Amino acid sequence: MNANNSSRREFLSRLGIGALSIGAIAAVQACGKSEGGAAPKCDDMTGVDDAAKATRASLKYVDKSADPAKTCSKCLQYSAPEGGAACGGCKLFKGPVSADGNCQGFAPKPA
Ligand code: SF4
């Protein structure tokens, strides 16, 4: 074995580790976020009280709006996610909501 073989093997090994690292980062970034039209699941009700759950249900909240013109991100009541979170909030009830979501409380943001 000469120095060139060793160097080539080391290079290919590093290339493989680099590719795995890039794949892992991409998988983490995609986790829980909207991709290809799929809305993130915003259904973690940890710490959300029954009254807020009832309001959410009575307004028929869904993670994916049937009307692209009426999504939470276009609603006056929407609060954008913070700190890299996948889900935002709604001023009408506690709990996570999707930017792609909708409910009967939709009110369009002023143009
Ligand atoms: S009121 Fe409804 S449509 Fe508007 S942000 Fe809240 S959940 Fe979304």
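**Loop residues and the ligand site**

Ala 80 is exposed, with a relative accessible area of 52%. In this predicted model, Ala 80 belongs to the loop that joins β1 to β2, the latter strand covering residues 89-90. A span of 10 residues in sequence separates Ala 80 from Cys 90, and their C-alpha atoms lie 8.8 Å apart in space. Cys 90 is also one of the residues around the ligand.

The chain contains 2 helices and 2 strands, and these elements follow one another along the sequence in the pattern α-α-β-β. Of the 111 residues in the chain, 25% are buried. Among contacts in the chain with a separation of 6 or more, 66% are made by residues 24 or more positions apart.

The ligand occupies the largest cavity. Its surroundings consist of Tyr 61, Cys 72, Cys 75, Gln 77, Tyr 78, Cys 90, Leu 92, Phe 93, Asn 102, Cys 103, Gly 105 and Phe 106. By class, this shell comprises 9 nonpolar and 3 polar residues, with no charged residue.

The loop between α2 (50-58) and β1 (78-79) includes Thr 71. Thr 71 has a relative accessibility of 10% and therefore counts as buried, the limit for this class being under 20%. A polar contact of 3.0 Å links the side chain of Thr 71 to the side chain of Ser 73. When neighbours within four places in sequence are set aside, the contacts of Thr 71 are with Ser 65, Ala 99, Asp 100, Gly 101 and Phe 106. Of these partners, Phe 106 is also listed around the ligand.

Ser 65 is located in the loop between α2 and β1 as well. With a relative accessibility of 10%, Ser 65 is likewise classed as buried. The side chain of Ser 65 comes to 2.8 Å from the backbone oxygen of Asp 67. Apart from residues up to four places away in sequence, Ser 65 touches Lys 70, Thr 71, Asp 100, Gly 101 and Asn 102. Asp 100 and Gly 101 thus appear among the contacts of Ser 65 and among those of Thr 71. Asn 102, a contact of Ser 65, is one of the residues around the ligand.

A further residue of the loop between α2 and β1 is Lys 60. Lys 60 has a phi near 55°, which is a positive value in a residue other than glycine. In contrast to the buried Thr 71 and Ser 65, Lys 60 is exposed, at 53% relative accessibility. The next position in the numbering, Tyr 61, is included in the set of residues around the ligand.

Gly 47 lies in the loop between α1 (3-30) and α2. The relative accessibility of Gly 47 is 81%, so this residue counts as exposed, the class being defined as over 50%. Gly 47 and Lys 94 are 47 residues apart along the chain, and the distance between their C-alpha atoms is 9.1 Å.

Notes:
Residues are numbered from 1 along each chain as its sequence is written. This is a predicted model: local features need pLDDT of at least 70, side-chain atom pairs count only at pLDDT 80 or more; totals for chains, interfaces and linings use all residues. Side-chain values use heavy atoms; hydrogens and water are left out. A residue is near a molecule or strand if one of its heavy atoms lies within 4 Å of it. On a 1 Å grid over the protein atoms alone, a cavity is a set of points where a 1.4 Å probe fits but cannot get out, and a pocket is an open set with protein on both sides within 12 Å along at least five of seven lines; lining residues have an atom within 4 Å of a point. A molecule sits in a cavity or pocket if more than half of its atoms lie within 2 Å of its grid points. Ala, Val, Leu, Ile, Met, Phe, Trp, Tyr, Cys and Pro count as nonpolar, Asp, Glu, Lys and Arg as charged, and the others, Gly among them, as polar. Helices (H or I, at least four residues) and strands (E, at least two) are DSSP runs, numbered from the N terminus. Buried means under 20% relative accessible area, exposed over 50%, partly exposed in between (1.4 Å probe, protein chains only). A polar contact is a pair of N or O atoms within 3.5 Å; within protein, one must be able to donate a hydrogen and the other to accept it, and residues adjacent in sequence count only if both atoms are side-chain atoms. Contact means heavy atoms within 4.5 Å.
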